[in-house]
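Here are some short exercises to work through with the model open in front of you. Try each task before reading its solution.

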Amino acid sequence: MKMLLLLLLPFSAQAGLFDFLSIYQANRAYESQDYKVAGEKFGTIDQDSARLNQANSLYKQGLYKQSLKKYQSVKQENLTFERLYNSGNAYAKSGQINQAIDSYESALKLKQDQDAVFNLELLKKQKRRRVKNKEDDNKKHNKQKNKSQKNKSKEKSTNKQRQREKLDSIKQQRWEKSLNKKLRTLMIPLNQPNEDNEQNPW
């Protein structure tokens, strides 16, 4: 990351000893990697170069969203490349690849820089890889969905077939059971001849 650390910030004639002390303390804290103190000290100085360094301090703390807001507050034209380049880094760290690409491309319009070109190409590759992975995931998901639907349909069909077979088996068992029952014989009573009737010829 290209961080612009101004060891001696522009110091106006009107700035007092307190401003000079803040600049010294801010630069010293940044150099000793105490980014929290550096950010606080740079925040007391009303200059774009101090705002850029405050944004860098926030970035170094992993506070990428806050650093982006601070980078956007830098308006000085001669700091535009650094603002755009560092914003690109903060966007990339935040996972906002499209915004990072835009920032690097804007920075490269102002000045050709190997690091900016390298980061830009790296992010473009990542973006292409993400798109491809997403497409592959969608294909895989659709394939699994179709397979799942086929399996469900097949399972449903198999279940129906099993139920049918079970029902047929029950019907078959009932039928066989009814066949195996003893035959019911209907006993027909013999008519006894009445006295009034004709006598038995036998």
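**Exercise 1.** Find out whether Tyr30 and Tyr35 are buried or exposed, then classify their ring pair.

*Solution.* Step one: Tyr30 and Tyr35 are both buried, where buried means under 20% relative accessible area, exposed over 50% and partly exposed in between (1.4 Å probe, protein chains only). Step two: their ring centres are 5.2 Å apart and the planes meet at 75°, an edge-to-face pair. Rings of Phe, Tyr and Trp (its six-membered ring) pair if their centres lie within 6.5 Å; planes under 30 degrees apart count as stacked, over 60 as edge-to-face and the rest as tilted. Step three: ring pairs also bring in Phe42, giving a cluster of Tyr30, Tyr35 and Phe42.

A word on the model: it is predicted, so local features need pLDDT of at least 70 and side-chain atom pairs 80 or more, while totals for chains, interfaces and linings use all residues. Residues are numbered from 1 along each chain as its sequence is written, and side-chain values use heavy atoms, leaving out hydrogens and water.

**Exercise 2.** Why is the pair of Tyr59 and Tyr64 edge-to-face?

*Solution.* First, the ring centres lie 5.2 Å apart. Next, the planes are at 65°, so the pair counts as edge-to-face. As for accessibility, Tyr59 is buried at 10%, whereas Tyr64 is partly exposed at 21%.

**Exercise 3.** Which residues of helix H2 are buried?

*Solution.* Look along residues 35-43: the buried ones are Tyr35, Ala38, Gly39 and Phe42. (Helices, H or I with at least four residues, are DSSP runs numbered from the N terminus.) Then turn to the face away from the buried side, which carries the exposed residues Lys36 and Glu40.

Conventions:
Helices (H or I, at least four residues) and strands (E, at least two) are DSSP runs, numbered from the N terminus.
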